[in-house]
Amino acid sequence: MNKTIKLIAAAVIVICVSAFTIGKTTLGEGYKIGDIAEDFSLKNIDGKMVSLSDYKNAKGFIVTFTCNTCPYAVAYEDRIIALDKKYVSKGYPVIAIMPNNVSMKPDDNLDAMKQRANEKGFTFPYLIDKEQKVFPKFGATKTPHMFLLQKTKKGNVVKYIGAIDDNYKDAASVTTKYVEKAVDALLEGKDIEQAETKAIGCSIKV
């Protein structure tokens, strides 16, 4: 009898764990280099819904998962703004997405996002992944986490995943600008030398 009870209990545990796993997208699983990124529709700080398909003349996108509260994300804000200013006219606009659960991080809510964007003068859309459906598809785990997409006939191909550069602490001490080198390579029709790096930042709160 005891053995039967133990087997039933074990089965129940397995079912519960499986159900939890299905209900929760495993962080870290997502797009790989060469995959086609699905389009999405997320609310911008101006209340409008934004999709990649809205950018008819774009050659691709610099997608960044970022937020207001992470020190790493804050440290990179000026560099993200600089990326948009440098590449938006060349066909690669920045699309910023805030992925955190705002019940865990209230200072990342939509009103706080609006305030932060106004304070910093964001030149790009700042979208909220309220239902937390988009960042798991990308496989984003950090803020900031960068994804460079190239628009093709097949769709938006993932060309780079990782960090913005090699020094989050000090922009003046950066020796390799990963995202810039990747975008420049695409604009020049060349292969990206380093298509993946490790994203440095705060864990996305789910």
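## Two nonpolar cores

A nonpolar core is a set of buried Ala, Val, Leu, Ile, Met, Phe, Trp, Tyr and Cys residues joined through side-chain atoms within 4.5 Å. With that in hand, here is a look inside this structure, which is a predicted model. Its largest nonpolar core has 33 residues, and the ones touching the most other members are Ile62, Leu83, Tyr126 and Leu148. Several elements give two or more residues to this core: the helices α2 (71-87), α3 (110-120) and α5 (178-187), along with the strands β5 (94-98), β6 (126-128) and β8 (145-151).

Leu83 is a handy place to start exploring. Leaving aside residues up to four places away in sequence, Leu83 touches Ile62, Val88, Val94, Met146, Ile164, Val179 and Glu180. There's also a second, separate core of 22 residues, and Phe40, Leu42, Leu52 and Leu149 are among them. As a general point, nonpolar side chains tend to be buried together in soluble globular proteins.

## The chain as a whole

Zooming out, the chain has five helices and 10 strands. Of its 206 residues, 44% are buried. On the outside, the chain exposes about 11,300 Å², with 54% of that coming from carbon and sulfur atoms.

How do the contacts spread along the sequence? Among contacts in the chain with a separation of 6 or more, 76% are between residues 24 or more positions apart.

## The sheet and a helix across it

Eight strands make up an open sheet with mixed pairing, in the order β1-β9-β8-β4-β5-β6-β2-β3. At the edges sit β1 and β3 (49-50), each pairing on one side only.

For a spot to look at within the sheet, try β4 (residues 60-65) and β5: these strands pair in the parallel sense over four bridges. Here Val63 stands opposite Ile95 in β5. Helix α3 lies across β2, β5 and β6, and runs at about 170° to β6.

## Salt bridges

The chain has eight salt bridges. One of them joins the side chains of Glu38 and Lys137, at 2.9 Å from N to O. Glu38 sits in the loop between β1 (36-37) and β2 (42-44) while Lys137 belongs to helix α4 (residues 134-138), so this pair ties together parts that are 99 residues apart in sequence. Glu38 is partly exposed, with a relative accessible area of 44%, and Lys137 is partly exposed too, at 41% relative accessibility.

Next, look for Arg79 and Asp165, whose side chains meet in a salt bridge (3.0 Å, N to O). Arg79 is in helix α2 and Asp165 is in the loop between β9 (156-162) and α5, which makes this a link between distant parts of the chain, 86 residues apart. Are these two residues buried or exposed? Both Arg79 and Asp165 are buried.

Helix α2 turns up again with Lys86, which forms a salt bridge with Glu180, and the closest N and O atoms are 2.9 Å apart. Glu180 lies in helix α5, so the pair ties together parts that are 94 residues apart in sequence. Lys86 is partly exposed, with a relative accessible area of 34%. Glu180 has 18% relative accessibility and counts as buried, because buried means under 20% relative accessible area. Glu180 is also one of the residues that Leu83 touches. Finally, Glu77, Arg116 and Glu119 are linked in a network of salt bridges.

Methods. Residues are numbered from 1 along each chain as its sequence is written. This is a predicted model: local features need pLDDT of at least 70, side-chain atom pairs count only at pLDDT 80 or more; totals for chains, interfaces and linings use all residues. Side-chain values use heavy atoms; hydrogens and water are left out. Buried means under 20% relative accessible area, exposed over 50%, partly exposed in between (1.4 Å probe, protein chains only). Contact means heavy atoms within 4.5 Å. Accessible areas come from the Shrake-Rupley method with a 1.4 Å probe; for residues, only the protein chains shown count as cover. A salt bridge is a side-chain nitrogen of Lys or Arg within 4 Å of a carboxyl oxygen of Asp or Glu. Two strands pair if DSSP finds at least two bridges between them. Axes are lines fitted to C-alpha atoms, for helices over the stretch in contact, and angles run from 0 to 180 degrees between N-to-C directions.
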